[in-house]
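Trainee: Please take one part of this structure and go through it closely, strand by strand if need be. Then follow the chain outward from there to whatever is worth checking by eye.

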Amino acid sequence: MRLRHLKASSVVVEDDDVSVLCDPWLLDGAFYGSWAHYPPLDFTPEDYADVDYIYVSHIHPDHFHRETMERLDTDTPVIIHDYATDFLKGNIERMGFDVVELPHAERTHLAGDLHINVLGADNCDPEACGNYYGCGWWMESSGQRTTDGSTQIDSMAVFDDGDNVLVNANDCRWPLSQRACEVVRSNYDVDMLLMQYSAANFYPQCMDDYTHEEKIEARDDVIQEMYGDAEGFINALRPRYVMPFAGDYTLSGPLVDRNQYVASPERIDAHEHFATSETVEPDIEPVVLNSEEYFDLDSGTQSAPYTPVDTDARREYIQNTLAGRRFPYQSDDRPTLSELTTVLDEAYEHMDEKRRDINFESDTTVLLDLVDDNVAAISMNGDGYELVSGREARDIDGYVRMTMDERLLHRILRGPQYAHFNNAQIGSHIGFQKEPDVYERPLYYVMSFCHA
């Protein structure tokens, strides 16, 4: 078995004459234009259109990237986890692909000696997800009780050929996925683990009320936290080889100044951390691959030595190439206050239904900047929302303030077919201020449903 690394979390698992392309993001512009690759790609999606299968771990656009998928062969079967909802399945099928949904934790033959086993990140245990997010997913809600099925959007895949075992954990989070890892460990001796090592999120680069020094300190803290999470996967699965991947991106367009605060270290730094860490299982060998190079699990060798990123060249590329890019929503007409509030009424009701569904309440007010110094003060206790001025917003006790381009906000409020809050957040398009500086995870989750 061989692992070929393309970029970020895009890899190809190869065994004899069988190949599986995982999470294809092979063009710049994920997350509404903000995410770009560095070094820039010197190949095209068509170069990998002849694979036998595509595995998509979850819906995020650095894993299910529509523009990349449009340039692949729709005759290629797409493998996904059998989620509780058909949202991912429907999106893929509308592009013309046939979708193969695999039951949770069931070893499935692909071709030749290659098998795949896909697990929900929460091991299809709603309580695991509820505990992680701090909400009552598994409790009685709307007259029903959720007892099974994955409430997560993430999955991990286990590939084996009878001799070698490779686990692609991509964006699964620790300790949410601890039980899923225990299931894998009880059934396989893992040879290679691919795991996330960086934070693909808004914090701390989007914290508008942080000083430069506070953002740098927070960035370094998050990096260490992500290293610790990755070590959780390593110690649970005890592989021979580990490859830090996923979450490897560079912000473009108007957001380039936020790159310095993104908690995504160079992969060579992650390699050094895991090679020298005293808190991981001994005899673990970290692996880092250049784009399109491969690692052979049979021989334990890679096709070429890794070439670290030239940070000066990266900085020059950001300023000379990426900074000038525009985002799709910047071509929209700027919405009026009436246009925003008209759709916000329905969006609030949808969001509050989800808030009640997960049994979440908070005294924190979400302050959503609209236009012309108008701010929507949104209750997280079911008390609706009201319009206040920017000055009045500053006097509110306990808030999270969210600021973004009003054209993007208009798209988000209109519905996921136009834009989605979570993708805008991960794409670093939203600026945040918090008072007090406390992170309420379920608050951001329910805001993902603030759309018509």
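**Strand β3 and its surroundings**

Mentor: Glu14 faces Ser19, a residue of strand β3, across a strand pairing. Bear in mind throughout that this is a predicted model. The pairing in question joins strand β2, residues 10–15, to β3 through five bridges, and the two strands run antiparallel. Together β2 and β3 make a hairpin with two residues between the strands, and there Asp16 takes a positive phi near 55°.

Now go to the other neighbour. Strand β5, residues 53–55, runs parallel to β3 and is joined to it by three bridges. You can place this pairing with two residues of β3: Val20 stands opposite Tyr53, and Cys22 has Tyr55 as its bridge partner.

With β2 and β5 placed, the sheet can be read across. It is an open sheet of eight strands with mixed pairing, in the order β7-β6-β5-β3-β2-β1-β18-β19. Its edges are β7 (99–102) and β19 (301–302), each of which pairs on one side only.

How buried is β3 itself? All five of its residues, 18–22, are buried, so the strand is largely enclosed by the rest of the structure. Val18, Val20 and Cys22 point one way, while Ser19 and Leu21 point the other way, and both sets are buried. Ser19, the residue that Glu14 stands opposite, is thus counted in the second set.

Next, follow the chain out of β3. The loop between β3 and β4 holds Phe31. This residue is not a glycine, yet its phi is positive, at about 55°. Phe31 is also buried, because its relative accessible area is 2%, and the cut-off for buried is under 20%.

Phe31 also belongs to a cluster in which ring pairs link Trp25, Phe31, Trp35 and Tyr249. The structure as a whole has 18 aromatic pairs. One of them is Trp35 with Tyr249, which is stacked, with 3.7 Å from centre to centre and 5° between the planes. This pair links distant parts of the chain: Trp35 is in strand β4 (residues 35–36), whereas Tyr249 is in the loop between β15 (241–245) and β16 (250–251), 214 residues apart. Trp35 and Tyr249 are both buried.

Past β4, look at the peptide bond between Tyr38 and Pro39. That bond is cis, with an omega of about -5°. Pro39 is in the loop between β4 and β5, so to speak on the way to the strand that runs parallel to β3.

Both backbone features have counterparts elsewhere in the chain. Trp174 and Pro175 are joined by a cis peptide bond, with omega about 5°; Pro175 is in the loop between β13 (165–168) and α4 (178–187). Asn123, which is not a glycine, has a positive phi of about 60°. Asn123 is found in the loop between β9 (114–120) and α3 (126–133), and it is buried, with a relative accessible area of 14%.

Finally, two rings have a charge over them. The charged end of Arg2 sits over the ring of Tyr294, 3.8 Å from its centre. Lys354 lies over the face of Phe449, 4.7 Å from the ring centre.

Methods
Residues are numbered from 1 along each chain as its sequence is written. This is a predicted model: local features need pLDDT of at least 70, side-chain atom pairs count only at pLDDT 80 or more; totals for chains, interfaces and linings use all residues. Side-chain values use heavy atoms; hydrogens and water are left out. Rings of Phe, Tyr and Trp (its six-membered ring) pair if their centres lie within 6.5 Å; planes under 30 degrees apart count as stacked, over 60 as edge-to-face and the rest as tilted. Helices (H or I, at least four residues) and strands (E, at least two) are DSSP runs, numbered from the N terminus. Buried means under 20% relative accessible area, exposed over 50%, partly exposed in between (1.4 Å probe, protein chains only). A charge sits over a ring if NZ of Lys or CZ of Arg is within 6 Å of the ring centre and within 35 degrees of the ring normal. Two strands pair if DSSP finds at least two bridges between them.
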